[in-house]
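Work through the following exercises with the sequence and the 3D view side by side, and try each task before reading its solution.

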There are 2 protein chains.
Amino acid sequence: MSKISSREEMELLDTFGIGAPNDAFAQYFIGQSFLKPLTVFGKCPVFLANVTFEPGCRNNWHIHHATKDGGQLLICTTGEGWYQEEGKDAVSLTPGTVITIPANVKHWHGAKKDSWFSHIAVEVPGENTSAEWCEPVSDTLYEALC
Amino acid sequence: MSKISSREEMELLDTFGIGAPNDAFAQYFIGQSFLKPLTVFGKCPVFLANVTFEPGCRNNWHIHHATKDGGQLLICTTGEGWYQEEGKDAVSLTPGTVITIPANVKHWHGAKKDSWFSHIAVEVPGENTSAEWCEPVSDTLYEALC
């Protein structure tokens, strides 16, 4: 059990840092998320960021498009969350879980409803990469997870 | 203080897993290291592995060559270690430290002498990539770090 109920505990345990409110992407999230870049954007060919979700927070269904390579890796470090690909069961995320998100696969990720959650997101370089943001994860789907 | 003195404590705290003795690279290390791949080699364009060093263990000076991009990222998760680029002071590594190792820069990394240490290594894709392994980190240099 790695669930974390308070922001204070999360700030203590997540050594990569919570960073700032993720305002640029807030329109694609339900709930509050935070973003802390871990590499200098544009300086390193692979971009890393620590993404933190408050309990209940998740991003919308989305797709990392690429014509070659691309996609994203999630390195789960603190708290507990969910990852789900369209048409598959949700996967429970706990510290130590690493998820390889292939390019061109519709998916979402976020916190569990009763825990803060952080993962380091690794942007996998590719050709003609773009993100397509789709509909929110419905309360019906999300609340049924346990 | 994040130092870890015993293998038992390390196995408890390093949620990414210690994996197997890093025999393939043992010739380029002083002391015992361990390797646990976190992505499927060849399946994902970015290769991730958890590398664990026993106290005193470090790799030789080495260079990640590339004609474009390349290099490596170190995501420090557990215990304490060192990273040093040639001609610069060693940098203390603790949980939450992220190091961007540029291509074509001579460097080494490893544990502190009194702590186990783990980092996730992220291989940054590039063109014409290769690793050049050089001389060991001398006891004189290493023992002077504190």
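Two residues are said to be in contact when heavy atoms of the one lie within 4.5 Å of heavy atoms of the other. The model used here is a predicted one.

**Exercise 1. A serine in a loop**

Task: Find where Ser115(B) lies, decide whether Ser115(B) is buried or exposed, and list what Ser115(B) touches.

Solution. Begin with the place in the chain: Ser115(B) belongs to the loop between E12 and strand E13 (117-123) of chain B. Next, take the accessibility, which is 0% in relative terms for Ser115(B), and since buried means under 20%, this serine counts as buried. Then turn to the surroundings, where, leaving out residues up to four places away in sequence, Ser115(B) touches Ser2(B), Lys3(B), Ile4(B), Phe53(B), Glu54(B), Pro55(B), Gly79(B) and Glu80(B). With Glu80(B) there is also a polar atom pair to find, as a polar atom of the side chain of Ser115(B) lies 3.4 Å from the backbone nitrogen of Glu80(B).

**Exercise 2. A threonine and an isoleucine**

Task: Describe the position and the contacts of Thr97(B), and then do likewise for Ile75(B).

Solution. Thr97(B) sits in the loop between strand E10 (91-93) and E11 of chain B. The relative accessible area of Thr97(B) is 16%, and because the limit for buried is under 20%, Thr97(B) is buried. A polar atom of the Thr97(B) side chain lies 2.9 Å from the backbone oxygen of Thr94(B). When neighbours within four places in sequence are set aside, Thr97(B) is in contact with Phe16(A), Leu74(B), Ile75(B), Cys76(B) and Ser92(B). Following the contact to Ile75(B), one finds that Ile75(B) in turn touches Phe16(A), Leu48(A), Ile75(A) and Ile120(A) in chain A, as well as Thr97(B), Ser118(B), His119(B), Ile120(B) and Val122(B) in chain B, again without residues up to four places away in sequence.

**Exercise 3. The largest nonpolar core**

Task: How many residues does the largest nonpolar core have, and which have the most contacts inside it?

Solution. The largest nonpolar core has 22 residues, and those with the most contacts inside it are Val46(A), Leu48(A) and Ile75(A), together with Val46(B), Leu48(B), Ile75(B) and Ile120(B). Two or more residues are given to this core by strand E8 (72-79) and strand E13 (117-123) of chain A, and also by strand E8 (72-79) and E13 of chain B. As a general background, nonpolar side chains in soluble globular proteins tend to be buried together.

**Exercise 4. Two pockets**

Task: Describe the largest pocket and the second largest pocket by volume and lining.

Solution. Start with the largest pocket, which holds about 750 Å³ of space. Its lining is made of 31 residues, of which Phe25(B), Phe47(B), His64(B), Gln72(B) and Glu123(B) lie nearest the centre. The elements that give two or more residues to this lining are strand E4 (48-53), strand E6 (62-65), E13 and E15 of chain B. By class, the lining of the largest pocket divides into 16 nonpolar, 14 polar and 1 charged.

Continue with the second largest pocket, where the space is about 640 Å³. Here 29 residues form the lining, and Phe25(A), Phe47(A), His64(A), Gln72(A) and Glu123(A) lie nearest the centre. In chain A, strand E4 (48-53), strand E6 (62-65), E13 and strand E15 (130-133) each give two or more residues to the lining of the second largest pocket, and the largest share, 4 residues, comes from E4(A). This lining has 15 nonpolar, 13 polar and 1 charged residues.

**Exercise 5. Two asparagines with positive phi**

Task: What is the phi of Asn104(B), and what is the phi of Asn128(B)?

Solution. Phi of Asn104(B) is near 70°, a positive value in a residue other than glycine. Asn104(B) is placed in the loop between strand E11 (98-101) and strand E12 (107-111) of chain B, and with a relative accessible area of 43% Asn104(B) is partly exposed. For Asn128(B), which is not a glycine either, phi is positive at about 55°. Asn128(B) lies in the loop between strand E14 (126-127) and strand E15 (130-133) of chain B, and because exposed means over 50%, the relative accessible area of 60% makes Asn128(B) exposed.

Definitions and conventions: Residues are numbered from 1 along each chain as its sequence is written. Chains are lettered from A and ligands numbered from 1 in the order in which they are written. This is a predicted model: local features need pLDDT of at least 70, side-chain atom pairs count only at pLDDT 80 or more; totals for chains, interfaces and linings use all residues. Side-chain values use heavy atoms; hydrogens and water are left out. Buried means under 20% relative accessible area, exposed over 50%, partly exposed in between (1.4 Å probe, protein chains only). A polar contact is a pair of N or O atoms within 3.5 Å; within protein, one must be able to donate a hydrogen and the other to accept it, and residues adjacent in sequence count only if both atoms are side-chain atoms. A nonpolar core is a set of buried Ala, Val, Leu, Ile, Met, Phe, Trp, Tyr and Cys residues joined through side-chain atoms within 4.5 Å. On a 1 Å grid over the protein atoms alone, a cavity is a set of points where a 1.4 Å probe fits but cannot get out, and a pocket is an open set with protein on both sides within 12 Å along at least five of seven lines; lining residues have an atom within 4 Å of a point. Grid points are joined across faces, edges and corners, and a volume is the space filled by probe spheres set on the points. Ala, Val, Leu, Ile, Met, Phe, Trp, Tyr, Cys and Pro count as nonpolar, Asp, Glu, Lys and Arg as charged, and the others, Gly among them, as polar.
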